[in-house]
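Trainee: I should like to learn how the terms used for a protein model are justified. May we examine one together?

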Amino acid sequence: MALDPGTEALARLAQERVDHRFKGLPPDADGLTVGELAAQRRNLFTGGFTTPVLALSAERLEHNLRLMETYATRHGLAFAPHGKTSMAPRLFRRQIEHGAWGITLAVPHQVRVARAYGVRRVFLANELVDPAALRAVAADLAADPGYSFVCYVDSVRGVELMDAALRGAARPLDVVVELAAGEGARTGARTEAGCAAVAEAVAAAPTLRLVGVAGYEGEVPRADPERVRAWLRRLVALAVDLDGAGRFAGAEEIVVSAGGSAWFDAVADVFATIPELSLPVLKLLRSGAYVSHDDGHYRRLTPFNRVPQEGALEPAFRLWAQVVSRPSAEQAFLNAGKRDAAHDLDLPVAQVVRRDGGERPAAGIDVTALSDQHAWLRTAPDADLEVGDWVGLGLSHPCTSFDKWQLIPLAEADGTVVDYIRTFF
């Protein structure tokens with residue numbers, strides 16, 4: 001049986017040749033295909049990998065995929081994880097295999113990547129007014145009757161631009177009205193009256209079809225549980241009002257969508273109160289950072305801290321760097337810096353030290369700054385650290401961890417590398 005185009009494209013990733021483009025991989029692997037290198041099951045610590053090298057835990061990745069699949073099912077939510085976190089087609093496929101309805105994306109290039117690797121349902125959590133991109137989406141919809149695409153709209157002007165670009169399209173483009181999270185927040189119509197005006201404009205545009213409402217609660221000003229839930233109730237009420245006004249005529253279901261990685265518990269609670277509408281309701285959650293989680297920002301913000309009975313995500317990334325200089329008893333330098341480590345939210349955290357095959361906690365070792373290619377370490381008087389040691393760093397913010405690495409080893413707990421995750425940023 002012939003493979004579908006997405007599966008064929010994923011298979012071709014294994015045929016890509018390993019070379020100078022990919023940081024941290026063994027120099028003697030140059031010329032091998034990614035599949036051949038994976039089949040060798042080299043060890044991250046003894047198999048020729050060079051520092052700095054970012055590794056993704058195979059076990060923790062699987063745990064996180066299963067946990068969010070279970071969470072969404074338990075709460076009656078459809079799940080379209082935000083793909084801009086990883087931009088990794090293999091992870092998109094894993095997420096869909098773990099029950100994801102589709103993949104959320106943010107810009108046209110990301111949509112092209114997802115489509116190249118077989119994603120059949122795309123939720124673009126952003127406005128789309130570029131005529132070339134709109135025509136490309138329309139052509140894709142015309143060519144593939146099984147393809148589903150939804151995007152935001154938040155202004156009458158946006159509707160006019162979309163309608164002009166899409167004249168002659170074979171299928172109407174599905175859109176959801178975006179409700180802003182508040183004054184001074186990010187995109188979205190600021191008021192319910194503004195949303196109603198956008199919905200009216202969509203109804204008058206033959207190239208568009210209104211299928212729901214959406215927004216991002218992570219932008220609620222001074223966000224706390226009460227404020228976030230209040231905004232989510234506004235979003236639900238907007239869906240009810242637009243439905244009552246007949247604005248979803250022609251839709252097959254009504255999409256109500258929210259949910260980043262900090263407040264999905266509030267989304268689950270409020271979406272559970274959505275009343276019966278004229279059509280089935282697709283309650284669509286979009287959290288993305290869960291796939292790798294982290295050791296900083298999302299470890300502090302995860303809703304699982306508030307609902308520990310639901311489980312816990314596990315940080316799956318570790319950046320390995322090597323001590324290259326120990327100029328004093330109070331200072332050391334690693335060979336990984338801003339080019340290698342996420343640093344937009346928090347500095348990396350020294351977690352473990354490896355020497356001669358042994359691993360121990362990185363006691364008395366703190367990252368104090370990053371240069372382009374160095375991490376600055378402050379070491380306590382009793383810190384056991386030598387030139388040549390490997391230091392495992394925990395990272396904060398998955399999105400800016402993935403985008404610094406094009407090919408990431410997927411390693412089991414003993415260091416065996418079982419696969420490689422290709423990213424496209």
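Mentor: Certainly; please bear in mind that this is a predicted model. Let us begin with Ser371, which touches Gly337, Lys338 and Trp376 when residues up to four places away in sequence are not counted.

Trainee: What makes Gly337, Lys338 and Trp376 count as residues that Ser371 touches?

Mentor: Contact requires heavy atoms within 4.5 Å, and Gly337, Lys338 and Trp376 satisfy this for Ser371. Ser371 itself is placed in the loop between strand 14 (365-370) and strand 15. By comparison with these contacts, consider Phe92: Ser371 and Phe92 are 279 residues apart in sequence and 33 Å apart in space, C-alpha to C-alpha.

Trainee: Why is Ser371 called partly exposed?

Mentor: Its relative accessibility is 26%. Buried means under 20% and exposed means over 50%, so Ser371, at 26%, is partly exposed.

Trainee: What makes Val387 exposed?

Mentor: Val387 has 52% relative accessibility, and the limit for exposed is over 50%, so the term applies. Val387 is found in the loop between strand 15 (375-379) and strand 16 (390-394). Leaving aside neighbours within four places in sequence, Val387 is in contact with Val323, Val324, Ser325 and Arg326.

Trainee: Where does Met87 lie, and why is Met87 called buried?

Mentor: Met87 lies in the loop between strand 2 (78-79) and helix 4 (89-97). Its relative accessibility is 1%, and buried means under 20%, so Met87 counts as buried.

Trainee: What is notable about the phi of Met87?

Mentor: Met87 has a positive phi of about 45 degrees although it is not a glycine. Most residues other than glycine have a negative phi. Arg41 also has a positive phi of about 45 degrees, and it is not a glycine either. Arg41 is located in the loop between helix 2 and strand 1. With a relative accessible area of 44%, Arg41 is partly exposed, because that value lies between the limits of 20% and 50%.

Trainee: How do you know that the peptide bond from Thr51 to Pro52 is cis?

Mentor: Its omega is near 0 degrees, and the bond is cis. In general, most peptide bonds are trans. Pro52 is found in the loop between helix 2 (34-39) and strand 1 (53-57).

Trainee: How do you know that the span of helix 8 agrees with the expected one?

Mentor: Helix 8 (residues 192-203) has 12 residues, which at 1.5 Å a residue should span 16 Å; its end C-alpha atoms are 16 Å apart, so the two values agree. Helix 6 (residues 131-143) has 13 residues and reaches 18 Å from its first C-alpha to its last, close to the 18 Å expected.

Trainee: Which residues of helix 6 are buried, and why are they said to line one face?

Mentor: The buried residues of helix 6 are Ala133, Leu134, Val137, Ala138 and Leu141. Seen down the helix axis, they fall within an arc of 140 degrees, so they line one face of helix 6. An α-helix has 3.6 residues a turn, so residues three or four places apart point the same way. The cover over the buried residues of helix 6 includes helix 5 (108-116), strand 5 (148-153), helix 7 (156-166) and strand 6 (173-178).

Trainee: Which residues of helix 8 are buried, and which are exposed?

Mentor: Cys195, Val198, Ala199, Ala201 and Val202 are the buried residues of helix 8. They fall within an arc of 160 degrees, seen down the axis, so they line one face of helix 8. The face turned away from that buried side carries the exposed residues Ala193 and Ala203.

Trainee: What is the volume of the largest cavity, and which residues line it?

Mentor: The largest cavity has a volume of about 40 Å³, and the lining consists of Leu13, Ala14, Glu16, Val34, Arg90, Leu407, Tyr420 and Arg422. By class, this lining has 5 nonpolar, no polar and 3 charged residues.

Trainee: What is the volume of the largest pocket, and which residues are closest to its centre?

Mentor: The largest pocket has a volume of about 510 Å³. Of the 25 residues that line this pocket, the closest to its centre are His82, Lys84, Arg186, Tyr216 and Gly260. The lining divides into 10 nonpolar, 11 polar and 4 charged residues.

Key
Residues numbered from 1 in each chain as written. Predicted model: local features only at pLDDT ≥ 70, side-chain atom pairs only at ≥ 80, totals over all residues. Heavy atoms only, no water. Helix = DSSP H or I, 4+ residues; strand = E, 2+ residues; numbered from the N terminus. Buried < 20%, exposed > 50% of the residue type's maximum accessible area, 1.4 Å probe, protein only. 1 Å grid on protein atoms, 1.4 Å probe; cavity = no way out; pocket = protein on both sides within 12 Å on 5 of 7 lines; lining within 4 Å. Points joined across faces, edges and corners; volume = space filled by probe spheres on them. Nonpolar A, V, L, I, M, F, W, Y, C, P; charged D, E, K, R; others polar. Expected span 1.5 Å × (residues − 1). Arc of directions from axis to C-beta.
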